[in-house]
Amino acid sequence: MTASLTLSPEAQRVLPHLTGRDLAYPAPWPDGSRLTARDLGHLLPLAYRTPGRGSAAFSMRCLVEDEVRQRQPEFTPASCLALYEALVDGLEKRKWADLSLAAGALLRCPDGVPAAELAGPARVLIEFMIAKGRLEAPWALLAVAAVAGMEEVTIMPEEPTTSLAAAERDLVLSFGPAGRALLAETGPGSYGAPPESPETWERLAELPAYMAFARTALDSAGERLTAIHAGELPFRADKAFTRAEVATLGRAARLALFRDEPWLPDSLDKLLSLVAVAPTQAKTPPSQALLFEIARAAERFPTPEVIAALRAARAATRHAGVVKQLDRMIKRAEPGLADRVEVALRMPSLGFGPGGRMEVTLGAHQAVIAPGSSGEFALTWRQGERPVKSVPAAVRKEHPEEVKRLRELVKQVNRQVSTMTRALEAGFAADSTLPYATWLAQVARHPVAASVAARLIWEIEHAPGEWRATLGAPEEPGLPEDAPVRLWHPARATTDEVFRWRERITEERIRQPFKQAFREVYLLTPAEDGATRSERFAGHIVDYRRLYALFKTRAWQTPMLGPWDGGGDGEATRTISTRSGDDTGETTGTPGRGDGGEGTRAAADRWRVALHHDYLHDEPGEYALTGRIRFDRRDGGGWREVPPAEVPPLVFSEAMRDVDLFVAVTSIATDPEWAERGQGRHLDYWRETSFGTLAASGEVRRDALARILPRLAVTDRCTLDRRFLVVRGDLRTYKIHLGSGNVLMDPGDVYLCVVPERKTDARLFLPFEDDSRLALILSKALLLARDTEITDESILRQIKG
């Protein structure tokens, strides 16, 4: 069968430009996203041979190569051979061969690799690269050398014979071409190579010898660190492991985390506790490179245990720079638990009893650790039935180590609660479910997890399509063990149901660990229904440094912008996985300890949201302008842009909620002092946005206030209208905008600048923990309702002015 018959129509439009014909630029231009994986495998060798610049042929070459870098090409035996021959033919001109591309083709040829035919060109490639000293891709070089039958080639970076990297090399040399190519996938690939194969870690886990090596390597690293701390080996700051060994241990950690191996938590606890702190008073640890490498592995395949171990290492290290970096990496790792729900909810009980309570008797006193109304665990003291404000002097004197242990336990359990909370919220968009039996064991009956679950609304499927919501985690006898359980989301509920849950949460003064009952819901607007991208949050002027920090906190990936070449604009992206069971993808199994973890979700859909933003150069300080929002869907190892109407409603709502948060927190409209220093169009924007129409977050804030205000002492002085909380003081009447929190005074709508305090009044009840703007508005209302008691001269001058 000829190539023209096997290629897609889009590929047939590209093909003539890559086969020597001098053709004009086609109109319309081919859509690279429509090329199939097999199209890319066929066209890539032709593109690699295409020379020149400024022609339609060269542009077609760039189109194909760009798609290969983002997706997973698929090769036939013929196209795989054609790629190797194209690499050989380009040697003299390029003075280099893309061995990462050559090795990757071995894993992307489902019909089998033509080993005999590849041997000749493979040998030419290896001999050329060795002669030129181009050894920057050693695993790829060894993979292609195996194809050529060149078993004598063992070139790797120089390492001592005792090196863990040397042991890994010796093991991999016993593998065939495909096994070696898997190692090449894990390292940094070349610019032209496709992304890491989604089957890489699953296939590595099928090699028993490499799995055994992974455990041995991590244990050996722990033993070396033990010897350093014992003084048996010399301590040199950040030199405990070579660069190659750090890469080896990073692969071992990723594989073990992917497999969720039961032996791993103990191994990593020991390793991280020793690698984070020097045996001397030096600030630099034995290997901050390895510490960061383990953190990167945790970002890729997170578990609660590795995150807890990283938090403990972060608390122990003396290096301020390491602390800051670990904080950023842990925040990026935690949302990834949403893709591994059963793993995320696996929490040790830490000795706590029912209700998350622990009592320890120390002499005549009792130490009590229990969660408070906000869910945070705290250590308190009693003498009999009488509470004691602080650690009793007798206990401090006679049991100092036990006091220290209990304080550390409080920190540890709160870290676990924080990790679980982040994972649950991140899983909202994924619509993750748990079997009822697992939910009972890991949530409802768990002494620590239940402290979080008791303040959340859950749904249980009692019959196909019949979901019943419940507050907390009560047991329901008679339900089958595999009945699905998920978090309730207002986007799936009726207006009446949302109203009832908000009433109950407020009436019972339940502070939810994150917004659930009062969560904003973002529906597709008519303008977005037929559009390719959303402009809902375009045109906002924001504080760029705060925006960048918020991107990192919410696990969005973005380059830093600034006043340099190429730093004028960029995109921030977040990736969301969706579960099986509907039109959002399929799951092949349940992630769990030792069953392959992430690999079991290989068939689940993945979506990516991207927010464009531009750096503003025409304003003192660092500001940015928000732009359009784009959605992509994972397709064949790459990304294909889709219109908002094709995005699952929960994914769309949660993505837009994030962007609304970015704008609400970082917009200059929320800066109460901007009116005094702003100018030009930015001042116009500030005026329009500070007191304009409410976004979804402002509407939810208004609903929450309607329920909270009747419980305040100043309720008779407060009323709500469409955009403002109106507060009647004795000196003036004030209008607090429910979006920005800025204040206007009647008569005349005169602006009042009130700079908020950093601390929130602990007496204020909020039905959720993550809306500082609501607390700010309530604080201003309490202040202004008693305006005759204000002592701040700057505020009084404005009120009386």
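This briefing describes selected strands, helices and one buried residue of the structure above. The model is a predicted one, and the positions given below are to be read in that light. Its features include an open sheet of four antiparallel strands, a helix that lies across three strands of that sheet, and a pair of helices whose axes come within 10 Å.

**The four-stranded sheet**

- Strands 1 to 4 form an open sheet in the order 1-2-3-4, with antiparallel pairing, and its edges are strand 1 (358-362) and strand 4 (386-388), each of which pairs on one side only.
- On average, and with direction ignored, neighbouring strands of this sheet are turned by 35° against each other.
- Strand 2 (residues 365-371) and strand 3 (residues 377-383) run antiparallel and are joined by six bridges; within this pairing A370 has A378 as its bridge partner in strand 3, while I369 stands opposite L379.
- The hairpin formed by strand 2 and strand 3 leaves five residues between them, and in its turn G375 has a positive phi of about 95°.
- Strand 3 and strand 4 pair over three bridges in the antiparallel sense, and Q383 stands opposite R386 of strand 4.
- Two residues lie between the strands in the hairpin of strand 3 and strand 4, where G384 takes a positive phi near 70°.
- As general background to these pairings, strands of a sheet pair through backbone hydrogen bonds, in either a parallel or an antiparallel way.

**The helix across the sheet**

- Helix 21 (residues 400-426) lies across strand 1, strand 2 and strand 3, and runs at about 145° to strand 3.

**Strands 14, 15 and 16**

- Strand 14 (residues 718-720) runs antiparallel to strand 15, to which three bridges join it, and the bridge partner of L720 in strand 15 is L725.
- The connection from strand 14 to strand 15 is a hairpin through three residues, whereas the hairpin that joins strand 15 to strand 16 passes through four residues.
- Strand 15 also pairs with strand 16 (residues 733-737), in the antiparallel sense and over five bridges, and here F724 stands opposite H737 of strand 16.
- Strand 15 (residues 724-728) is mostly covered, since four of its five residues are buried.

**T186 and its surroundings**

- T186 belongs to helix 11 (residues 177-186), and it counts as buried because its relative accessible area is 17%, where the cut-off for buried is under 20%.
- A polar atom of the T186 side chain lies 2.7 Å from the backbone oxygen of L183.
- When neighbours within four places in sequence are left aside, T186 is in contact with E196, T200, W201, L204 and R251.

**Helix 5 against helix 7**

- The axes of helix 5 (residues 77-89) and helix 7 (residues 99-107) come within 10 Å and cross at roughly 170°, which means that helix 5 is roughly antiparallel to helix 7, given that angles over 145 degrees count as such.
- From helix 5, the residues C80, L83, Y84 and L87 meet L101, A102, A103, A105 and L106 of helix 7, and the residues of this contact divide into nine nonpolar, no polar and no charged.

Key. Residues are numbered from 1 along each chain as its sequence is written. This is a predicted model: local features need pLDDT of at least 70, side-chain atom pairs count only at pLDDT 80 or more; totals for chains, interfaces and linings use all residues. Side-chain values use heavy atoms; hydrogens and water are left out. Two strands pair if DSSP finds at least two bridges between them. Axes are lines fitted to C-alpha atoms, for helices over the stretch in contact, and angles run from 0 to 180 degrees between N-to-C directions. Contact means heavy atoms within 4.5 Å. Buried means under 20% relative accessible area, exposed over 50%, partly exposed in between (1.4 Å probe, protein chains only). A polar contact is a pair of N or O atoms within 3.5 Å; within protein, one must be able to donate a hydrogen and the other to accept it, and residues adjacent in sequence count only if both atoms are side-chain atoms. Angles under 35 degrees count as roughly parallel, over 145 as roughly antiparallel, 65 to 115 as roughly perpendicular and the rest as oblique. Ala, Val, Leu, Ile, Met, Phe, Trp, Tyr, Cys and Pro count as nonpolar, Asp, Glu, Lys and Arg as charged, and the others, Gly among them, as polar.
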